[in-house]
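Here is my note on the structure, point by point. Please keep the sequence and the 3D view open as you read.

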Amino acid sequence: MQLWLRISMLLCSFGFLRELRPSEPYVTEYLAGDWRNLTSEQIYQQVYPFGTYSVLALLVIVFLITDLLRYKPIIVLSSVAGIVLFVLLLWTRSLLELQLAQLFFGFFMAAEVAYYTYIYAKVDRARYQIVTGHTRAAILGGKFLGGIVAQLLVSTDCMNFRQLHYISLATQIISLPIALLLPSVPRSVYFYAVKDSPAQLENENAKMAAPKFSLRNACSLLWYHLVSSYTNPIVLMWSIWWALAICGQVQVISYIQFLWKELAPLHQSNYNGGVEAVATLLGAIGAILAGMLNSNSRRSFYMLLNSVCAAILGVLMLLAACCNSVWLAYVSYAIFCAIFFFIITVAAAVVAENLVDDSFGLVFGINTLVALVLQSILTVVVLTDTGFGLPPKKQYIVYGSYFLVLSAVYLLLQLLLKIFARKSPAA
């Protein structure tokens, strides 16, 4: 078997098992259920925000050390963090212990950067597209199957919400030896770069040099990538849109189970697994359709389309918040995911096509960091006692309004750019 194919199979197996977590659609029902003496308000005000802050804090650290440690150790540690996370969720009961579990959740989520960038350091450039497709499909496949398994087990009363966590724990344990089997990476983009400096980026002979650690070259290349990327107005405008959209989407998916729980009969939402599976499938279809477009050649049109779609996302969240039917909230969420993954894939493609070589990971890492900073601010303002401490329905009115404002701002920006473009030739 060719090396790239073996790496792809190992990485796909790891990604599939990592995302195969049947407990995920029902984690709120479990945490706020009879197994713990905690209310829904305590969970979304005192527990989940810890996860948000942890991902933000650890993403900065993980992003830097991923390149320094050359990817594989972070992937292995993410498996260990997943195991510890589910052990704590299963066998602890206090609020403090649950908050501690959110620290491991933070590392588990932040370490995704190593999974997505490993292939670019280990696989030949000619294989990037096919291996990227494999790994994305594995992630979506794991999420989809996790939702289906969860729904079947809950609907048939084969398992309760707590018992689903045993399956999630098992998949994380199985993923650990697979992570250990991944080949080590001899080079990285910055600290163990084959190319010595930005001036040598076009020097083919530099590719033959043995990779060696260099802090000076790393800093030089980091600065070069930063400046070349964010001084490009196309990259800057679309990166800001991408970060703002991701901020809203992460907030929506993080707290949607509380809305479903409030709207459901007897305040127990039993169909979350099926809804998450459908939402994942529709999101995958949206991303695939977006991947077929040549977004970069018609940027103005797709920015207009993305802005209109953002308004639709806002309306969907307002509809979910203002209705009294859990089924309408389910449908709104599934459509939200389909549209969102279409427009975010368009935005990512435009950004990627306007970047210099090897700066993809850095730029999207920074964009993700900005999104998480904004999400943390939104969390403090909307959810915690420090801010307004809103109940689920009012939270989603805020999130719906957020997407409407995002749409209005970028539509206005589009209009202003067209006006100035028409005036400039005359000037």
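1. **Salt bridges.** The structure holds five salt bridges. Keep in mind that this is a predicted model. Side chains of opposite charge can pair when their charged atoms come close. Start with Glu 19. Its salt bridge with Arg 18 has the closest N and O atoms 3.5 Å apart. Glu 19 also meets Arg 21 in a salt bridge, again given as 3.5 Å from N to O. Next comes Glu 24, which forms a salt bridge with Arg 21. There the closest N and O atoms are 3.2 Å apart.

2. **The network.** Which residues do these shared partners join? Salt bridges with partners in common link Arg 18, Glu 19, Arg 21, Glu 24 and Glu 112 into one network. Find these residues in the 3D view and trace the links. Arg 21 is a good place to begin, as it pairs with Glu 19 and with Glu 24.

3. **Cover over the charged residues.** Are Glu 19 and Arg 21 buried or exposed? Both are buried. The cut-off for buried is under 20% relative accessible area. Glu 19 has 5% relative accessibility, so Glu 19 counts as buried. Arg 21 has a relative accessible area of 8%, so Arg 21 is buried. Arg 18 is at 2%, and therefore counts as buried too. Glu 24 is another matter: its relative accessible area is 32%, so Glu 24 is partly exposed.

4. **Cysteines.** How many disulfides does the structure hold? The number is zero. Take Cys 247, which is in no disulfide. Its nearest cysteine sulfur belongs to Cys 337 and is 16 Å away. A disulfide needs the two sulfur atoms within 2.5 Å. Cys 247 is also buried, at 1% relative accessibility. Cys 323 is in no disulfide either. For Cys 323, the nearest cysteine sulfur is that of Cys 322, 8.0 Å away. Cys 323 counts as buried, at 10% relative accessibility.

5. **The nonpolar patch.** Now turn to the surface. A nonpolar patch there covers about 940 Å². Its residues include Phe 144, Leu 145, Ile 148 and Leu 152. Val 278, Leu 281, Leu 282 and Ile 285 are also among them. Ile 288, Leu 289 and Met 292 belong to the patch as well. Which elements give two or more residues to the patch? They are helix H7 (128-155) and helix H11 (272-291). H11 gives the most, with six residues. Ile 148 sits in helix H7. With a relative accessible area of 30%, Ile 148 is partly exposed.

6. **Asn 272.** Helix H11 also holds Asn 272. Buried or exposed? Asn 272 has a relative accessible area of 0%, so Asn 272 is buried. Its side chain makes a polar contact of 2.8 Å with the side chain of Tyr 330. Setting aside residues up to four places away in sequence, Asn 272 touches Pro 25, Tyr 26, Gln 151, Gln 257, Trp 260 and Tyr 330.

7. **His 225.** Helix H9 (residues 215-230) contains His 225. The relative accessible area of His 225 is 1%, so His 225 is buried. Which side chain joins that of His 225 in a polar contact of 2.8 Å? The partner is Tyr 190. Beyond neighbours within four places in sequence, His 225 is in contact with Val 189 and Tyr 190. The list of contacts also includes Val 356, Asp 357, Asp 358, Ser 359 and Leu 362.

8. **Ala 310.** Look last at helix H12 (residues 299-322), where Ala 310 is placed. Ala 310 is buried, with a relative accessible area of 1%. Which residues does Ala 310 contact, leaving aside neighbours within four places in sequence? They are Ile 343, Phe 403 and Ser 407. One distance is worth checking on screen. Ala 310 and Val 250 are 60 residues apart in sequence. In space, C-alpha to C-alpha, Ala 310 and Val 250 are 14 Å apart.

Methods:
Residues are numbered from 1 along each chain as its sequence is written. This is a predicted model: local features need pLDDT of at least 70, side-chain atom pairs count only at pLDDT 80 or more; totals for chains, interfaces and linings use all residues. Side-chain values use heavy atoms; hydrogens and water are left out. Helices (H or I, at least four residues) and strands (E, at least two) are DSSP runs, numbered from the N terminus. Buried means under 20% relative accessible area, exposed over 50%, partly exposed in between (1.4 Å probe, protein chains only). A polar contact is a pair of N or O atoms within 3.5 Å; within protein, one must be able to donate a hydrogen and the other to accept it, and residues adjacent in sequence count only if both atoms are side-chain atoms. Contact means heavy atoms within 4.5 Å. Patches are made of residues with over 30% relative accessible area and no salt bridge: like charges are joined within 9 Å, nonpolar side chains (Val, Leu, Ile, Met, Phe, Trp, Tyr) within 5 Å. Accessible areas come from the Shrake-Rupley method with a 1.4 Å probe; for residues, only the protein chains shown count as cover. A salt bridge is a side-chain nitrogen of Lys or Arg within 4 Å of a carboxyl oxygen of Asp or Glu.
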